[in-house]
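User: Please take a close look at one strand and the loop that leads into it. Set that part against the whole chain as well.

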Amino acid sequence: RSIASDEDIFKHNTLTAGLHLKYDSDAFTLTSITGYRKTNFNWLNDGDGVATFYVNYGQQDETKQWSQEIRIASPDPQARFGWLAGGYYFRETGSQFVFIPVRLSLFGIFDDSVTSDGESKTNAYAGFGELYYRVTDQLKLTLGGRYSHEKRSVDYLYKGFAGPRQRKSGEESFNNFSPKAVLSYELNDDANLYVSVSRGFKSGGFNFLAFQDGFAPEKIWNYEGGYKATFLDGRARFNASVFYSDFTDLQVGQIVNLQSVLTNAASAELYGLEADFAFLPTDDFEIGGTLGYLHAEFTEFC
């Protein structure tokens, strides 16, 4: 494959389709969500910023995705006890071609390029569930969890700057259980306090932009507390929250020896606060504002 042009190109075509089915009964609510997406992406960029040709960047992607989710839940969300259970499946196949030609004029003409050309596949399965119980009319406890299994495979040819063409292929599977717990308290019909703890998961995989081994999954524990309220018969709103996130194996992109390497930081943390308000003095006029503070750092990363 090749990309050749005298000017920048950016083309992105996406076809999506979805089917949402829902069945309600006195005993349960059943929901099915089916999704399909096909994407073609074409990009050629003169990346050196000058009129003379030194470095270009070209990329062509083709992907197809299909997903299916099925949920069954208790029928009345206002009941003292409620539940939800479901399953999820996702499949993606794709190809990617990256071409970075380099031409340097120094005591003659030097021509070289970085190329990557290959295919990848992903199959993901998940099962999830959630229970809630209203301890009192104001206090509600929610417990949930999700188990994920993902399998990724890749096969591509990579040629680095001034280097030989190399083949990289591999297959990895990742498993994870992510729980969550939320405790909320209704001060009144218009105000709510909550605290939550949850675990997140982002699967590992392979990086087409470098000749490297696969990278590990990223995991996070997130802790949050907040306040949400409306006032003046719904004409005013105020929300505020504080949060702390503890990352393990955070996925980080770096440039190493002219390669876009994707690796894992041992650990990182993020904490901060957010607040927003809105006020409608009339039906046609709104005043609002937001405030945010964020602190993020690597706590362990060579």
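Analyst: What follows starts with strand β10 and the loop before it, then turns to other strands and the whole chain.

This is a predicted model, where local features need pLDDT of at least 70, side-chain atom pairs count only at pLDDT 80 or more, and totals for chains, interfaces and linings use all residues. Residues are numbered from 1 along each chain as its sequence is written, and side-chain values use heavy atoms, with hydrogens and water left out.

Start with the loop. It runs between β9 (218-231) and β10 (236-256), and L232 sits in it. Strands here are DSSP runs of E with at least two residues, and helices are runs of H or I with at least four, numbered from the N terminus. D233 lies in that loop too. L232 has a phi near 55 degrees, a positive value in a residue other than glycine. D233 also has a phi near 55 degrees, again positive in a non-glycine residue.

Are these two loop residues buried or exposed? L232 is exposed, at a relative accessible area of 57%. D233 is exposed as well, at 88%. The cut-offs are these: buried means under 20% relative accessible area, exposed means over 50%, and partly exposed lies in between (1.4 Å probe, protein chains only).

Now move into the strand. S245 belongs to β10. With a relative accessible area of 5%, S245 is buried. What does S245 touch? Leaving out residues up to four places away in sequence, the list is I220, W221, N222, A268, E269 and L270. Contact means heavy atoms within 4.5 Å. N222 appears again in a polar contact: its side chain and that of S245 are joined at 2.6 Å. A polar contact is a pair of N or O atoms within 3.5 Å; within protein, one must be able to donate a hydrogen and the other to accept it, and residues adjacent in sequence count only if both atoms are side-chain atoms.

Next comes strand β11 (residues 259-282), which holds L273. L273 is partly exposed, at 33% relative accessible area. Its contacts beyond four places in sequence are S241, V242, F243, L291, G292 and Y293. E171 is 102 residues from L273 along the chain, and their C-alpha atoms are separated by 40 Å.

For another strand, look at β5 (residues 109-134), where S113 is found. S113 counts as buried at 15% relative accessibility. Setting aside neighbours within four places, S113 contacts F99, I100, P101, V102, K159 and G160.

Now the whole chain. The protein chain has 0 helices and 12 strands. Its C-alpha trace spans about 80 × 45 × 45 Å along the principal axes. The radius of gyration is 25 Å, whereas a compact globule of 302 residues would have one near 19 Å. That radius is taken over C-alpha atoms, and the globule rule is 2.2 Å times the number of residues to the power 0.38.

Of the 302 residues, 33% are buried. Among contacts between residues at least 6 apart in sequence, 61% join residues at least 24 apart. The chain exposes about 18500 Å², and carbon and sulfur atoms supply 55% of that. Such areas come from the Shrake-Rupley method with a 1.4 Å probe; for residues, only the protein chains shown count as cover.
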